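Work through the following exercises with the sequence and the model open side by side. Each task sentence is followed by a solution in steps.

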Amino acid sequence: MSTLLSSLPETVTPSPADTQLAQESSRRLAKILGARKKNVRFRIQPDNEPEEAIAIPMSAFRLLADILTEMASGNAVTLIPIHAELTTQQAADMLNVSRPYLIELLEKGAIPHRKVGTHRRVLAQDVMAYKNKTDQARLQALEELSALDQELGLGY
């Protein structure tokens, strides 16, 4: 069963201090990732509270490391479950296109969707699959242009 996101989860844009802290944290977490353990235990200590140890799965640990790496580069991060249903505006925002353009894609069948009354709903995983497919096609076209440039000696 899909969950409709009434609004996308908060996008976290790191401050300069967050970026610096994320750089240090991601470096330290990378060392642990190299050990390839099944689970990881963290010791956390909120301000004015006693220290507590928690265990998290390695898959969540990798995700945390990826988030910190992105933040260390100054990139904004949003975490969206792949099974979530999005509105057309949310899906358009994810693809960085206009809502009318997204609706054209839906009507052409480029991205699967369903209708709830008069509203269209799109799975986040389908939006990401479309994005990956178009990114791959764009990369392939760029490689073909580069090869043609080399073949013709245009020097671009």
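**Exercise 1. A residue in a loop**

In which loop does Ile82 lie? State also whether Ile82 is buried or exposed, and which residues Ile82 touches beyond its sequence neighbours.

Solution. The model is a predicted one.
- Step 1: Ile82 sits in the loop that runs between helix H2 (58-72) and strand S4 (84-86).
- Step 2: Exposed means over 50% relative accessible area. The relative accessibility of Ile82 is 56%, so Ile82 counts as exposed.
- Step 3: With residues up to four places away in sequence set aside, Ile82 touches Ala124 and Gln125.
- Step 4: A distance completes the description: Gln45 is 37 residues from Ile82 in sequence, and their C-alpha atoms are 31 Å apart.

**Exercise 2. The two sides of a helix**

Determine which residues of helix H4 are buried, how they are arranged around the axis, and what they pack against.

Solution.
- Step 1: Helix H4 covers residues 99-108, and its buried residues are Leu102, Ile103, Leu105 and Leu106.
- Step 2: Viewed down the axis of H4, these buried residues fall within an arc of 155°, so they line one face of the helix.
- Step 3: An α-helix has 3.6 residues a turn, so residues three or four places apart point the same way.
- Step 4: On the face of H4 turned away from the buried side are the exposed residues Pro100, Glu107 and Lys108.
- Step 5: The packing partners of the buried residues are helix H3 (88-95), strand S6 (119-123) and helix H5 (124-152).

**Exercise 3. The ends of the same helix**

Describe what is found at the start of H4 and just after H4.

Solution.
- Step 1: At the start of H4, Ser98 places a side-chain oxygen within 3.1 Å of the backbone nitrogen of Tyr101.
- Step 2: Just after H4 comes Gly109, with a positive phi of about 85°.

**Exercise 4. Positive phi outside glycine**

Find where Asn48 and Asn96 lie, and give the phi of each.

Solution.
- Step 1: Most residues other than glycine have a negative phi.
- Step 2: Asn48 has a positive phi, near 60°. Asn48 belongs to the loop between strand S2 (39-44) and strand S3 (52-57), and is exposed at 83% relative accessibility.
- Step 3: Asn96 has a positive phi near 60°. Asn96 is in the loop between H3 and H4, and is exposed with a relative accessible area of 71%.

**Exercise 5. Salt bridges**

How many salt bridges does a search of the whole structure find? Characterise the pairs Glu24 and Arg27, Arg43 and Glu51, and Arg120 and Glu107.

Solution.
- Step 1: The search finds 6 salt bridges.
- Step 2: Glu24 and Arg27 are joined through their side chains at 3.1 Å, N to O. Both residues are in helix H1, 3 residues apart, about one turn of the helix. Glu24 is partly exposed at 35% relative accessibility, and Arg27 is exposed at 51%.
- Step 3: In the bridge between Arg43 and Glu51, the closest N and O atoms are 3.3 Å apart. Arg43 is exposed at 65%, whereas Glu51 is partly exposed at 47%.
- Step 4: The side chains of Arg120 and Glu107 form a salt bridge at 2.9 Å, N to O. Arg120 is in strand S6 and Glu107 in helix H4, so the pair ties together parts that are 13 residues apart in sequence. Arg120 is buried, with a relative accessible area of 17%.
- Step 5: A network of salt bridges links Lys131, Asp135 and Arg138.

**Exercise 6. A buried acid and a nonpolar patch**

Which side chain does the side chain of Glu85 contact, and which residues make the nonpolar surface patch of about 410 Å²?

Solution.
- Step 1: Glu85 is in strand S4, and is buried at 6% relative accessible area.
- Step 2: The side chain of Glu85 makes a polar contact of 2.5 Å with the side chain of Arg114.
- Step 3: The patch is made by Leu145, Leu148, Leu152 and Leu154. Leu152 lies in helix H5, and is exposed at 52% relative accessible area.

How values were computed: Residues numbered from 1 in each chain as written. Predicted model: local features only at pLDDT ≥ 70, side-chain atom pairs only at ≥ 80, totals over all residues. Heavy atoms only, no water. Buried < 20%, exposed > 50% of the residue type's maximum accessible area, 1.4 Å probe, protein only. Helix = DSSP H or I, 4+ residues; strand = E, 2+ residues; numbered from the N terminus. Arc of directions from axis to C-beta. Contact = heavy atoms within 4.5 Å. Polar contact = N/O pair within 3.5 Å; in protein donor to acceptor, adjacent residues only side chain to side chain. Patch = residues over 30% accessible without salt bridge, like charges linked within 9 Å, V, L, I, M, F, W, Y side chains within 5 Å. Areas by Shrake-Rupley, 256 points an atom, 1.4 Å probe, with all protein chains shown as cover. Salt bridge = Lys/Arg side-chain N within 4 Å of Asp/Glu carboxyl O.
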